[in-house]
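This report looks at one helix of a protein and at how its residues are placed, beginning with the side that faces outward.

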Amino acid sequence: MSESEVSNLLDRVKLHYQHLSLSDELLEEWFRVLKKYNSDEVFNNLDKYLMIEKNRDRIPNPFDLTDGLITENQKEKLKNDYLIDCNLCHKTMLLSEYNSTHYKKCLLIKALIRKLAKEGTKVTYQDLDNYSYERLDKLYDKYLEKNKKIRIEGIRKLC
Ligand SMILES: [Zn+2]
């Protein structure tokens, strides 16, 4: 909401609650709370507020009017999010979750399952998914380290 929209909103509130005294401080405070929200939605919420009998003597505060609303910022985030299926594990999740945490962990789990299977150890995806990424990453490093030693020893034996 712009400051002038908030000012219009307060004028409307004043129509219904004539003892409300308007001031610059009040406008400033309302604007601080409401600037993140969509003007139409806040005006709609005022209508809803006014229709409730018990609110007849209670001047709304700006928080009453954001009830159930999400900020324009949050809306933007949701707009850029989609449900996707991970092509590695076929789970359904939000794209943001996939990008921020899932993808690298899923890759690591798949790699660990393959390597452990080669050693004859059977683990399921779910077994490994219970661990944090950091824990799995350490496990993978340890595995690589162990394999390197085995390889070096193997080469020594050959020489
Ligand atoms: Zn996955």
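On the face of α1 that is turned away from its buried side lie the exposed residues S4, D11 and L15, where exposed means that 12 or fewer other C-beta atoms lie within 10 Å of a residue's own, buried means 20 or more, and partly exposed means in between, with C-beta atoms placed from the backbone. This is a predicted model, in which local features need pLDDT of at least 70 and side-chain atom pairs count only at pLDDT 80 or more, while totals for chains, interfaces and linings use all residues. Residues are numbered from 1 along each chain as its sequence is written.

The buried residues of α1 are V6, L9 and V13. Seen down the axis of α1, the buried residues fall within an arc of 55°, so they line one face of the helix; the arc is that of the directions from the helix axis to the C-beta atoms. An α-helix has 3.6 residues a turn, so residues three or four places apart point the same way. Among the elements that cover the buried residues of α1 are the two in this table, where contact means C-beta atoms, placed from the backbone, within 7 Å.

| Covering helix | Residues |
|---|---|
| α2 | 24–34 |
| α3 | 39–51 |

Helix α1 also holds S7, and helices here are DSSP runs (H or I, at least four residues), numbered from the N terminus. S7 is partly exposed because 14 other C-beta atoms lie within 10 Å. The C-alpha atoms of S7 and E28 are separated by 9.4 Å, although the two residues are 21 residues apart along the chain.
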